[in-house]
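Reader: I'm new to this, so could you take me slowly through one part of this structure? I'd like a close look at the place where protein and DNA come together.

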There are 2 protein chains.
Amino acid sequence: MNFQKRKRIILDKLTDMGEASVKELADEIGISEITIRRDLLILAGEGLLYRTHGGAMRLDLVKTPTNFTNKIASNAEAKDHICRLAARHIQEGDTIFMDCGSTVFRLCQFIKNKEIHVVTNSLPVLQELMDSSVKINLVGGEVDKERQAVHGKIAEEHIARYHFDKAFLGVDGISAAKGLSAHSELEAGITLTAAAHAEETYLLCDASKIGKDKYLQFAPATLANVIISNKKTEAVLDLAKAGLTVITD
Amino acid sequence: MNFQKRKRIILDKLTDMGEASVKELADEIGISEITIRRDLLILAGEGLLYRTHGGAMRLDLVKTPTNFTNKIASNAEAKDHICRLAARHIQEGDTIFMDCGSTVFRLCQFIKNKEIHVVTNSLPVLQELMDSSVKINLVGGEVDKERQAVHGKIAEEHIARYHFDKAFLGVDGISAAKGLSAHSELEAGITLTAAAHAEETYLLCDASKIGKDKYLQFAPATLANVIISNKKTEAVLDLAKAGLTVITD
DNA sequence: GTACATTTGTTCAAAAATAATCAATTTCGA
DNA sequence: TCGAAATTGATTATTTTTGAACAAATGTAC
């Protein structure tokens, strides 16, 4: 019985049962426990399973469920870096718009103590700034429970009544060639309207989204004045050539 | 039973129930309480739950320090009685307005499963109806952090764009002689606007407020069509004489 | 406010699982 | 066939996990 064969048996058992103990596997395969442990160490190293005390589990069972509102956002450090940079561009007295992207949300922690005026359509942003020195104006309209935001025609009309010093927006994809793209028409509408009524438009966008195009292309990249990201990749430099101010540190 | 498995069970229980006690979890999982405590300590450290005395809560339930979500609200039974009556007057398909009073807030629990459309300027109401079958429209405008509501001129203009089948409103005082009174101009403005655009206006008002006058008198009692209260006091009968429909049971 | 009960943190001990070391076995190529 | 390298197993030491006991802290009732 060689390693390859045991590997197959172990992984099969895991796909089947979800988990397995060292003892079980040793008995089933007819080999010593220590060998099983060594096998599990290797397989865990290859990222094929999760090693627990006494056995192993399938990876998907270990993943922390994401349906917590305070989800451990992916790319948290990158996003925090971006937001730290963005916060430097916000002066006391500014009126800013914040949209409902997960990157923009992380800007909250950096502006809590500023004396500014925030207009937003994002319910998590509202929640987060509730106990802060920030004055908040909420955009009215239809509540999108899934996205935890306010959207729709009335929301856009409402945004259009304001004038912002700066708008901080997230998009799902951006490229020099095809411009800004989004997953949702509703979000695109908000983004367009906010940008149209802002002195300066900042896009907060981690490097993974730059150079990517999503299904709905809704504006040229030059809708924004500034793009703040975490890495100076090829795709980012293309945007600089297109006339955008790029900030990465 | 390893930590990963317990973690799953604990988090699942929390997503389901919102909260769980150490004892419950220990019994359910079949392990000692101290182990559960250690697990909760770790999970709280990972930001996956909020540790309370004797157990744990889901984060999103903690984050909302909604002043009147707690059941210790004054006059809770009276208010619940009033709201139960009010809920009977709401039909499937209705579009209703709910304002930011603590009595009106308690109406939420009785309408969660109705297929209706709710327009509100109250953030606790929004929060409470977030996971329900109700469609929500949020009134936009200035956020009043203390009252947890949206107020102001823009809010009133926004309300004026809608038409409601029924408006459910709270006031701080009401008497046949001096009409409706409030503590705050902002709330009075919302009340007036909502009533003006509703087919029928319901006042939800426990007996302690009836016959009382607060500093700002802003409308005649006949602004409302119906008043729902918990007791048939002298002052309530005066309102009936003034032409209001009175409901107390 | 005090007194009481509950919950928690801490320390210690026992049990289980693991890592480390070394010996035995197998495999493979010259 | 011989020997080096890899694999496997056994033994021991270490680490991790769990539970129990008790003092401290917290919440509750009066």
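**The surface near DNA strand C**

Author: Let's start with the make-up of that surface: the residues near DNA strand C are four nonpolar, seven polar and six charged. Here, Ala, Val, Leu, Ile, Met, Phe, Trp, Tyr, Cys and Pro count as nonpolar, Asp, Glu, Lys and Arg as charged, and the others, Gly among them, as polar. "Near" asks for a heavy atom of the residue within 4 Å of the strand.

Before going on, a word on the model: it's predicted, so local features need pLDDT of at least 70 and side-chain atom pairs pLDDT 80 or more, while totals for chains, interfaces and linings use all residues. Residues are numbered from 1 along each chain, chains are lettered from A and ligands numbered from 1 in the order written, and side-chain values use heavy atoms, leaving out hydrogens and water.

Of the 17 residues around DNA strand C, Arg37(A), Arg51(A), Gly54(A), Arg51(B) and Gly54(B) come nearest. Sugar and phosphate make up 78% of the strand's atoms that come within 4 Å of the protein.

Now for some polar contacts (pairs of N or O atoms within 3.5 Å). Gly54(B) has a polar backbone atom 2.7 Å from a phosphate oxygen of DNA strand C. For Arg37(B), a polar side-chain atom lies 2.9 Å from a phosphate oxygen of the strand, and for Thr52(B), a backbone N or O atom lies 3.3 Å from one. In both chain A and chain B, helix 2 (22-29), helix 3 (33-45) and strand 2 (50-52) each give two or more residues to this surface. Helices (H or I, at least four residues) and strands (E, at least two) are DSSP runs, numbered from the N terminus.

Notes:
A polar contact is a pair of N or O atoms within 3.5 Å; within protein, one must be able to donate a hydrogen and the other to accept it, and residues adjacent in sequence count only if both atoms are side-chain atoms.
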